[in-house]
Amino acid sequence: MRATRAIIHIDTFLENFRVVQELIGPERVICVPVKADAYGHGAAAIARASLDAGAAFLGVADVQEGAALRNEGIDAPILLFSQPLPAEIPEIITNRVCPFVSDGEFISLLGQAAEKAHIRLPVHLKIDSGMSRLGCTPEEAPTLAQQIAACTALEYAGTATHLASADSAAPDDRSYTEQQIANFSKALDAIRAEGLHTGIIHAANSGAVLLHPAALFDMVRPGILLYGYIASEARPAALPLRIKPVMELRTNVVLIKQIKQGTAVSYGRTWTASHDTEIAVLPVGYADGLPRIAGNRWQVLINGTSYPLTGRVCMDHCMVELGFASGVRRWDETVIFGGPAPDAAALAELAGTIPYEITCNVNKRVPRVFVTS
């Protein structure tokens with residue numbers, strides 16, 4: 001196996017899942033987003049663990065992600081969060097993926113294809129309550145719900161929205177989220193006034209699970225929370241400290257070299273040795289998911305001791321300064337982030353981004369190693 005690898009702690013994921021279950025209560029179910037290869041954690045393995053733990057749905061971003069799960073033998077309900085092309089409808093039907101719908105044209109196309117295939121395809125109506133991305137307006141929702149219900153080849157199986165600022169504790173953002181929930185609830189009432197059943201109702205992402213009980217409805221869709229990061233500015237007192245990051249990024253020292261005072265290291269000569277020292281070369285770079293900006297700013301962990309990244313991160317390598325008599329040996333294991341080292345949230349803060357981006361950017365060429373305690 002390649003030296004650089006992502007260690008995925010399945011038992012930690014399962015404990016995070018249990019924490020979410022405790023937060024939402026037994027009357028609600030969980031849809032686990034496994035889009036983007038489960039935020040970089042390995043979609044098939046996370047899907048299986050989720051279903052074993054009691055997840056009701058899985059969530060994907062595109063039809064191909066759903067097909068990949070089916071090819072892995074996963075038979076659970078799969079929600080398609082994003083808007084596919086009309087040319088992808090046959091694959092939706094073949095792989096029994098449940099799409100979100102938000103306009104009459106696409107509802108008609110799905111209905112025609114499902115009728116031709118002699119199936120009844122479940123769909124969820126997506127309502128734009130204030131995200132201004134996908135979804136119909138609340139005013140359009142009753143008409144579209146009627147269109148779905150009138151099509152014998154479609155099953156009106158659920159109603160959803162997405163919250164734009166639920167992970168923020170700022171008063172304005174909390175107020176905006178509350179208004180989104182109110183907009184969504186008003187649309188639900190209008191649909192029910194037409195004599196229609198809304199199916200399973202869901203709105204809450206990770207932030208809403210923590211901060212907005214009114215958004216929990218029938219099902220929640222926590223993503224980053226399950227993978228071990230709290231996507232909110234305020235940790236509620238009710239939240240146990242059992243939420244932990246699921247991924248570690250590890251590699252090995254492949255070379256140690258002595259360099260003289262005044263020697264420049266890596267591209268652009270952004271770091272020059274102020275004294276004679278030793279450098280360790282690590283076979284991990286920005287093509288693996290270590291941000292280039294981490295050069296000269298991040299520290300890795302070798303044998304329990306932190307060592308600074310030295311010079312720019314390269315595509316496939318980076319270097320750390322050991323000093324002399326460090327005790328580090330060639331082939332020693334190195335933790336880039338997670339586990340005993342600072343986690344992806346700390347690296348994200350340094351890089352000016354969010355932990356989602358750090359874990360998602362761990363490249364496919366990095367093997368995933370799934371472990372349990």
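Which residue follows helix 6, and what is the sign of its phi? The residue is His118, and its phi is positive, near 60°. Keep in mind that this model is predicted.

Now step back to helix 6 itself. The helix spans residues 104-116, which makes 13 residues. From its first C-alpha to its last it reaches 18 Å. That is close to the 18 Å expected at 1.5 Å a residue.

Look just ahead of the helix, at Asp103. One of the side-chain oxygens of Asp103 comes to within 3.1 Å of the backbone nitrogen of Glu105, at the start of helix 6.

Next, ask which residues of helix 6 are buried. They are Phe106, Ile107, Leu110, Gly111 and Ala114. These residues lie on the same side of helix 6, because they cover an arc of only 135° around the axis. An α-helix has 3.6 residues a turn, so residues three or four places apart point the same way.

What does the buried side touch? Its residues pack against helix 5 (89-94), strand 5 (97-101), strand 6 (121-126), helix 7 (141-150) and strand 7 (154-160). The face turned away from that side carries exposed residues: Glu105, Gln112, Glu115 and Lys116.

Move on to a sheet. This one is open, has 3 strands in the order 11-14-17, and pairs them antiparallel. Strand 11 (255-259) and strand 17 (318-321) stand at the edges. Each has a single partner strand, so one side of each is left without a neighbour in the sheet. The twist averages 30° from one strand to the next.

Finish at strand 14 (residues 277-282). Strand 14 pairs with strand 17 over 4 bridges, in the antiparallel sense. Here Ala280 stands opposite Val320 of strand 17.

Notes: Residues numbered from 1 in each chain as written. Predicted model: local features only at pLDDT ≥ 70, side-chain atom pairs only at ≥ 80, totals over all residues. Heavy atoms only, no water. Helix = DSSP H or I, 4+ residues; strand = E, 2+ residues; numbered from the N terminus. Expected span 1.5 Å × (residues − 1). Buried < 20%, exposed > 50% of the residue type's maximum accessible area, 1.4 Å probe, protein only. Arc of directions from axis to C-beta. Contact = heavy atoms within 4.5 Å. Polar contact = N/O pair within 3.5 Å; in protein donor to acceptor, adjacent residues only side chain to side chain. Pairing = 2+ DSSP bridges. Axes fitted to C-alpha atoms, helices over the stretch in contact; angles between N-to-C directions.
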